[in-house]
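Biologist: Let us go through this model term by term. I want each label set against its cut-off.

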Amino acid sequence: MSRDLNKDGKEKIMNDIFFILAQILAVVAFGLDTLAMQFKKKSGILIMGIISNMTYALEYVFLGVWTGAISLLIGMIRNITYFIFDKKGLKPNIIVLMIFIFLLVGAGIYTWENTTSLLPMIALIIWSVASWQDNTKYMRVAEIIICIMWIVYDLFVGAYAGCLTEFIIMTSATIGIVRHDVKKKEGEKE
């Protein structure tokens, strides 16, 4: 009986450590995402997105939430693909976009836990379409919508630091819109 208690105690400690590591990773990813929204060029946004997706995926692995983790790994591969195309001065064709959408839907079905599993899948599909566009304004606007979806998901899966970071990323995206899109239009009118 004392072995079972000892085993349960060790398991609880490991779960607590994983929970704390997940929260720390959320804060690191937050810094990367916040910085990403301040880049003017698509390539800068994509590079930061690659690193932040990997960091967020690790967060969800530590929480044992596989829909978020696998979706973000697909998002990381998508960002790498889009970055390679962007560096060559090319835009991925619609087939590339559709492949990533189908991969995200497949991952959502494969890792289905409940209706909250739809949130990361839909959020990353929105980002796939937005980052496929050449206009970085679409990326910043999509980020705001996506942040709302991740906040809800994070509340359900216990990624509490993620909730706070998504709110701040949403604020950063809004600032990016004002800096790069609204002020640009005001400057054009003068």
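The questions below take up confidence, single residues, helix pairs and the core.

Biologist: How do you know how far to trust the chain?

Modeller: The model is predicted, and the protein chain has an average pLDDT of 86. At least 70 is reached by 93% of the residues.

Biologist: Where in the protein chain is confidence lowest, and where is it highest?

Modeller: H7 is lowest, with a mean of 79. H4 is highest, at 95.

Biologist: Why is Ser172 called buried?

Modeller: Its relative accessible area is 5%. Buried means under 20%, so Ser172 qualifies. Ser172 sits in helix H7.

Biologist: What does Ser172 touch, leaving out residues up to four places away in sequence?

Modeller: Thr34, Met37 and Gln38.

Biologist: What makes Ala36 count as buried?

Modeller: Ala36 has 1% relative accessibility. The cut-off is under 20%, so Ala36 is buried. This residue belongs to helix H1.

Biologist: Which residues does Ala36 touch, beyond those up to four places away in sequence?

Modeller: Ala36 touches Ile45 and Met48. As for Ile169, the C-alpha atoms of Ala36 and Ile169 are 9.2 Å apart, with their positions 133 residues apart in sequence.

Biologist: Why is Ile148 called partly exposed?

Modeller: Ile148 has a relative accessibility of 47%. Buried requires under 20% and exposed requires over 50%. The value falls in between, so Ile148 is partly exposed. Ile148 is in helix H6. From Ile148 to Ile101 the C-alpha distance is 20 Å, at a sequence separation of 47 residues.

Biologist: And what makes Ile145 partly exposed?

Modeller: Ile145 is at 42% relative accessibility. That is neither under 20% nor over 50%, so Ile145 is partly exposed. Ile145 also lies in helix H6. Ile145 and Ala57 are 19 Å apart, C-alpha to C-alpha, and 88 residues apart in sequence.

Biologist: How do you know that Val129 is partly exposed?

Modeller: Val129 has 32% relative accessibility. Partly exposed covers what lies between under 20% and over 50%, so Val129 belongs there. Its place is in helix H5.

Biologist: Which residues is Val129 in contact with, neighbours within four places in sequence aside?

Modeller: Leu97 and Ile101. Ile94 is 35 residues from Val129 in sequence and 9.7 Å from Val129 in space, C-alpha to C-alpha.

Biologist: Now the helix pairs. How do H4 and H5 cross?

Modeller: Their axes come within 9 Å, and the angle is roughly 170°. Over 145 degrees counts as roughly antiparallel, so H4 is roughly antiparallel to H5.

Biologist: Which residues make the contact between H4 and H5?

Modeller: H4 supplies Ile94, Leu97, Phe100, Ile101, Leu104, Val105 and Gly108. H5 supplies Met121, Leu124, Ile125, Ser128, Val129 and Trp132.

Biologist: What are the values for H2 and H3?

Modeller: The axes of H2 and H3 cross at roughly 160° and come within 8 Å. That angle is over 145 degrees, so H2 is roughly antiparallel to H3. The crossing of H2 and H3 is left-handed.

Biologist: Why are H2 and H6 called roughly parallel?

Modeller: The axes of H2 and H6 cross at roughly 5° and come within 14 Å. Angles under 35 degrees count as roughly parallel, so H2 and H6 are roughly parallel. On the H2 side the contact involves Lys42, Ile45, Leu46, Tyr60 and Leu63. On the H6 side it involves Thr136, Met139, Arg140, Trp150, Tyr153, Asp154 and Val157.

Biologist: Which residues have the most contacts inside the largest nonpolar core?

Modeller: Tyr60, Leu72, Tyr82, Trp127, Trp150 and Tyr153. That core has 45 residues. Helices H1, H2, H3, H4, H5, H6 and H7 each supply at least two of its residues. H6 gives the largest share, nine residues.

Biologist: What does Tyr60 touch, not counting residues up to four places away in sequence?

Modeller: Tyr60 touches Val65, Gly68, Ala69, Leu72, Trp150, Tyr153, Asp154, Val157 and Ala159.

Technical notes: Residues numbered from 1 in each chain as written. Predicted model: local features only at pLDDT ≥ 70, side-chain atom pairs only at ≥ 80, totals over all residues. Heavy atoms only, no water. Core = buried A, V, L, I, M, F, W, Y, C linked by side-chain atoms within 4.5 Å. Buried < 20%, exposed > 50% of the residue type's maximum accessible area, 1.4 Å probe, protein only. Helix = DSSP H or I, 4+ residues; strand = E, 2+ residues; numbered from the N terminus. Contact = heavy atoms within 4.5 Å. pLDDT = per-residue confidence, 0-100. Axes fitted to C-alpha atoms, helices over the stretch in contact; angles between N-to-C directions. Parallel < 35°, antiparallel > 145°, perpendicular 65-115°, else oblique. Left-handed = near helix turned anticlockwise from the far one by under 90°.
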